[in-house]
Amino acid sequence: MKVALNASALLSPRTGIGQYANALATELLKTGAVDLEFFYGFGWSRELRSEPLRHIDAVKTSIKKLIPWSYEIVRFLTQVSFTAGARRKGFDLYHEPNFLAYEFEGPLVLTVHDLSFVRYPELHPAARIEAIARHFPKSLARASIVLTDAESVRGEVLERYGLRPERVRSVPLGARPEFCERSPEQIAATLEKFGLRHRGYLLSVGTLEPRKNIAFVLDAFARLPEKIRRQFPVALVGMEGWLNSDLDRRMRPLVERGEVRLLGYLSDNELQHLYAGASLFIYPSLYEGFGLPALEAMQCGVPVIVSNVSSLPEVVGEAGVKIDPADTDALTMHIERLLDDRNEWQRLRLLGLDQAKRFSWQKCASETLLAYRDAVSLG
């Protein structure tokens, strides 16, 4: 089966969709059941990129500032490139892992990771909402099969867009085996680089944007006793997002006192080490299509505190603490309790390791391959 996969997300530093495209493609290639070719915006390749293009985000930002309607212009040009390559190569199927599909003369599998742009449009840049409004309904209409990362998102898609249930499938993600428990010695150099100590910090991972609810984490953290704040600083891992002026204001005094560490975007190896050395992982997102960082943290043997909304209860199950993402007192209380009660900390660590075994990229690839075959049979 000749499959076209849009891998443009791999040109930028890897966030959720890039992680998905990379891990899924890696496992699909291992099966030997598909002949995969990757579309990188203005060209095709059989190579699965492992590194982003240098300075790509700065280039994108400059283009957006200088050229009105830059997204639509770039999309028109990449559509031309996509169509020319697809016709020449004769693909049996096209998989779009990033919501907005190109036009394609054949079966389409479309991955819809979440509907945050419907639920919380105010938490997205206006240009993104405009692009989704223009292209997403057409992508859904053309798709033979729609994949979601969680059952909660599948339900939202069915309810919102009225698709036939058999066209929409929930295919959970996985955490790569490199996300695992590690000894203090194995991660010592990385922790030293960032001025952290083993089991001596709280960790939160994600783009610094409103949906991730980082301000809520900071408010809860600020209510902890000063001794705990100094002993267990918050390490924030992720790229700069948008609508961050209020977050910057709240963070500044905590950063100045060393109680919050802004680590930015890390390499895979550094991120794996930061997970493995954390005392707690905190992820009170307002909305997630899956919540991969919570799964990665559990697989690294770190107890998790997540919000009790969207897909996160599916991922965490009974292995983590689930809280109302607006209840600051609850988050403060659970952080303090888990830092103090080692028996409860150990119980959640073991439950998390067991819960993480229910998910894998191999299983995700196997179920995605079934969707490919069914999409081709539907024509």
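This report describes the sheets, the helix packing, a cavity and the salt bridges of a predicted model.

## The seven-stranded sheet

One open sheet is built from seven strands, which follow one another in the order β3-β2-β1-β4-β5-β6-β7, and the pairing within this sheet is mixed. Its edges are formed by β3, at residues 44–45, and by β7, at residues 168–170, each of which pairs on one side only.

At the β7 edge, strand β6 (residues 145–148) runs parallel to β7, and the two strands are joined by three bridges. Within this pairing, Val146 stands opposite Val168, a residue of β7. Helix α16, which spans residues 361–378, lies across β1 (2–6), β4 (93–96), β5 (108–112), β6 and β7, and its direction is at about 165° to that of β6.

## The six-stranded sheet

A further open sheet consists of six strands in the order β10-β9-β8-β11-β12-β13, and here the pairing is parallel. Strands β10 (260–264) and β13 (321–323) each have a single partner strand and stand at the edges, so one side of each is left without a neighbour in the sheet. From one strand to the next, the twist of this sheet averages 20°.

The edge strand β13 pairs with β12 (residues 304–307) in the parallel sense, and three bridges are found between them. One residue pair of this contact can be named, since Val321 in β13 is the bridge partner of Ile305. Helix α14 (residues 328–340) packs on the sheet, where it touches β8 (202–205), β11 (280–283), β12 and β13, and its direction makes about 165° with that of β13.

## Packing of helices α3 and α5

Two packed helices are described by the angle between their axes and the distance between the axes. For helix α3 (residues 70–89) and helix α5 (residues 126–142), the angle is about 35° and the axes are 10 Å apart. On the α3 side the contact is made by Tyr71, Glu72 and Arg75, while α5 contributes Ala131, Arg134 and His135. Divided by class, the residues of this contact between α3 and α5 are two nonpolar, one polar and three charged.

## The cavity

The structure holds one cavity of 30 Å³ or more, and the volume of the largest cavity is about 30 Å³. The lining of this largest cavity is made up of Asn6, Ala7, Ser8 and Ala9, together with Glu96, Pro97 and Asn98. By class, three of these lining residues are nonpolar, three are polar and one is charged.

## Salt bridges

In total, 23 salt bridges are present in the structure. One of them brings together the side chains of Lys30 and Glu27, with a distance of 3.2 Å from N to O. Both Lys30 and Glu27 belong to helix α1 (residues 16–31), in which they lie three residues apart, a spacing of about one turn of the helix.

Notes: Residues are numbered from 1 along each chain as its sequence is written. This is a predicted model: local features need pLDDT of at least 70, side-chain atom pairs count only at pLDDT 80 or more; totals for chains, interfaces and linings use all residues. Side-chain values use heavy atoms; hydrogens and water are left out. Axes are lines fitted to C-alpha atoms, for helices over the stretch in contact, and angles run from 0 to 180 degrees between N-to-C directions. Helices (H or I, at least four residues) and strands (E, at least two) are DSSP runs, numbered from the N terminus. Contact means heavy atoms within 4.5 Å. Ala, Val, Leu, Ile, Met, Phe, Trp, Tyr, Cys and Pro count as nonpolar, Asp, Glu, Lys and Arg as charged, and the others, Gly among them, as polar. Two strands pair if DSSP finds at least two bridges between them. On a 1 Å grid over the protein atoms alone, a cavity is a set of points where a 1.4 Å probe fits but cannot get out, and a pocket is an open set with protein on both sides within 12 Å along at least five of seven lines; lining residues have an atom within 4 Å of a point. Grid points are joined across faces, edges and corners, and a volume is the space filled by probe spheres set on the points. A salt bridge is a side-chain nitrogen of Lys or Arg within 4 Å of a carboxyl oxygen of Asp or Glu.
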